[in-house]
Amino acid sequence: MNKEIKKDFPILDQEIHGHRFTYLDSAATTQKPIAVLEAVNDYYKNYNANPHRGAYYLSEKSTEIYENTRTVVKEFIGAKNEKEIIFVKNATEAFNLLAHSYGMNFIKEGDEIVISVAEHHSNLVPWQQVAKAKGALLKYLYLDEEGIITEEEIANKITNKTKIVSVTHVSNVLGTIQPIKKIIEKAHSVGAVAFIDIAQSVPHMKIDVSQLDADAAVFSGHKMLAPMGIGVLYGKEELLEKMPPFMCGGDMIEYVTEQDTTFAELPNKFEGGTQNVEGAAGLTSAIQYLNEIGMDNVEQIEDELVSETLKRLEELPFVTVYGTKDTKKKSGVISFNVEGIHPHDVASILDSYGVAIRVGRHCAYPLLNYMGVNAGTCRVSFYIYNTMEDVEALIEGLKNTRKWLGYGSK
Ligand SMILES: Cc1ncc(COP(=O)(O)O)c(C=O)c1O
């Protein structure tokens with residue numbers, strides 16, 4: 001199936017440094033299928049105009065494309081209505097919006113904010129800022145050897161003092177799936193709000209935010225086949241209603257006088273300035289593409305690739321894989337190190353074989369510190385267009401890396 005899917009991604013059909021291109025960095029950003037490229041092109045060729053503002057045909061079409069995406073996203077993630085879908089630039093902007101609009105206004109001195117040590121900096125640094133500004137305490141949920149937050153941590157760290165819990169669903173470093181439902185339930189049992197980072201889960205598995213009962217959920221379109229520059233903040237209507245606007249300017253107002261402003265209703269209240277309609281057109285197309293494949297199939301494709309990769313890595317005695325090897329507990333991300341070779345050297349040598357992987361600290365310094373691997377890790381991440389040939393290229397590349405640096409291939 002993935003061989004057929006791969007044909008929809010022209011960028012993958014090229015040689016890099018004289019080798020077949022192997023793209024293993026989809027957790028950073030995914031490649032885009034022809035359908036998405038065409039949707040963006042079609043928007044600019046036929047409908048480009050500023051949405052929400054013009055009383056003429058193209059502006060109305062542009063508005064229609066943009067607002068239709070809201071409905072498509074609402075259905076894709078199981079939100080209750082369109083007012084709960086706010087378009088932002090990316091997950092980072094969404095967390096900054098939550099931190100500034102909710103955190104800065106509802107957190108008081110002595111309150112506690114709970115995140116996990118596995119957070120991407122976008123769900124960490126904004127809460128540090130809130131905690132510092134408000135005199136609150138930022139507390140961490142730590143992981144077991146498998147890379148998973150334990151029930152004990154949840155029970156001990158989330159207390160009556162906790163006002164915000166903001167945790168990632170899937171770690172961008174380890175790919176481990178966190179017990180997000182239990183965390184949300186515990187947060188609610190102490191009267192805290194629960195925000196979740198679904199940037200690494202919504203592209204890979206079926207997510208229903210209403211069923212999860214998250215107060216807010218955040219993701220980026222570019223990690224799920226859509227263009228860069230469009231992301232989503234889902235928020236329960238009652239939460240978003242009580243939050244003040246984050247960015248002020250055009251289109252988020254109801255009425256403005258010289259000294260005062262009343263704000264637009266949801267969702268416009270949070271979408272100041274000219275909207276990213278091309279991104280919305282691409283996001284609709286990306287979601288349609290994923291729906292056609294079916295999220296169950298997406299999961300299955302990745303599961304097979306991850307199982308095979310873990311099996312093959314296990315055969316290489318010079319490779320250390322971090323976190324669980326149980327594919328039921330992880331998504332399409334694997335972090336590892338190669339004995340005696342700095343991750344950056346591994347990536348450079350793999351690149352010379354046309355294999356693109358991510359190395360470093362993955363915007364998760366506290367996690368890498370906690371894992372005791374300050375120099376970083378090598379990270380491979382899969383998506384629907386990857387094939388077993390890609391796994392083969394990685395394994396051969398790793399053997400060659402060892403040979404190049406004088407270790408032999410064992
Ligand atoms: C789990 C997670 N959260 C948030 C982000 C931030 O996404 P963006 O850079 O699109 O804002 C990333 C990006 O890698 C991520 O992996």
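## Briefing: core, domains and salt bridges

Tyrosine 44 sits in helix α2, and with a relative accessible area of 43% it is partly exposed. Its C-alpha atom is 9.8 Å from that of serine 62, a residue 18 places away along the chain. Keep in mind that this is a predicted model. The chain is assigned two domains, domain 1 (2-30 + 294-400) and domain 2 (36-291), and the largest nonpolar core takes at least three residues from each of them.

**Two domains**

- Domain 1 is written in two stretches, 2-30 and 294-400, while domain 2 covers 36-291.
- Between the C-alpha centres of domain 1 and domain 2 there are 27 Å.
- Where the two touch, domain 1 puts in 35 residues and domain 2 puts in 34 residues.

**The nonpolar core**

- The largest nonpolar core holds 129 residues, and the members touching the most others are Ile77, Trp127, Phe336, Ile357 and Ile384.
- Helix α10 (residues 277-293) is the top contributor to this core, with nine residues.
- Both domain 1 and domain 2 supply at least three residues to this core.
- Which residues does tryptophan 127 touch, leaving out those up to four places away in sequence? The nonpolar names on the list include Phe95, Leu98, Ile113, Ile115, Leu138, Ile164 and Phe195. Ala99, Gly103 and Ser166 are on the list too.

**A nonpolar patch on the surface**

- Ile253, Val256 and Phe263 make up a nonpolar patch on the surface, and their accessible area together is about 220 Å².
- Phenylalanine 263 belongs to strand β12 (residues 261-263).
- Is phenylalanine 263 buried or partly exposed? Its relative accessible area is 35%, so phenylalanine 263 counts as partly exposed.

**Backbone spots to check**

- Leucine 266 and proline 267 are joined by a cis peptide bond, with omega near 0 degrees. Proline 267 is in the loop that runs between β12 and α10.
- Histidine 17 isn't a glycine, yet its phi is positive, near 50 degrees. You'll find histidine 17 in the loop between β1 (15-16) and β2 (19-20), and its relative accessibility of 52% makes it exposed.
- Histidine 52 also isn't a glycine, and its phi is positive at about 65 degrees. Its loop is the one between α2 (34-47) and α3 (57-77). Histidine 52 is partly exposed, at 25% relative accessibility.

**Salt bridges**

- How many salt bridges turn up in a search of the whole structure? The count is 22. The general idea is simple: side chains of opposite charge can pair when their charged atoms come close.
- Arginine 70 pairs with glutamate 67 in a salt bridge, at 2.7 Å from N to O. Both residues are in helix α3, three residues apart, or about one turn of the helix. Arginine 70 is buried at 0% relative accessible area, whereas glutamate 67 is partly exposed at 25%.
- Lysine 182 and glutamate 151 form another salt bridge through their side chains, with an N to O distance of 2.7 Å. Lysine 182 is in helix α7 (residues 180-189) and glutamate 151 is in helix α6 (residues 151-157), so this pair ties together parts that are 31 residues apart in sequence. Lysine 182 is partly exposed at 41% relative accessibility, while glutamate 151, at 53%, is exposed.
- Lysine 399 and glutamate 396 are salt-bridged too, and their closest N and O atoms are 3.6 Å apart. About one helical turn separates lysine 399 from glutamate 396, because they're three residues apart in helix α14 (residues 388-404). Lysine 399 is partly exposed, at 25% relative accessible area, and glutamate 396 is partly exposed as well, at 33%.
- One network, built from salt bridges that share partners, links Glu308, Lys311, Arg312, Glu315 and Glu392.

Technical notes
Residues numbered from 1 in each chain as written. Predicted model: local features only at pLDDT ≥ 70, side-chain atom pairs only at ≥ 80, totals over all residues. Heavy atoms only, no water. Core = buried A, V, L, I, M, F, W, Y, C linked by side-chain atoms within 4.5 Å. Buried < 20%, exposed > 50% of the residue type's maximum accessible area, 1.4 Å probe, protein only. Helix = DSSP H or I, 4+ residues; strand = E, 2+ residues; numbered from the N terminus. Domains from an automatic or database assignment. Contact = heavy atoms within 4.5 Å. Patch = residues over 30% accessible without salt bridge, like charges linked within 9 Å, V, L, I, M, F, W, Y side chains within 5 Å. Areas by Shrake-Rupley, 256 points an atom, 1.4 Å probe, with all protein chains shown as cover. Salt bridge = Lys/Arg side-chain N within 4 Å of Asp/Glu carboxyl O.
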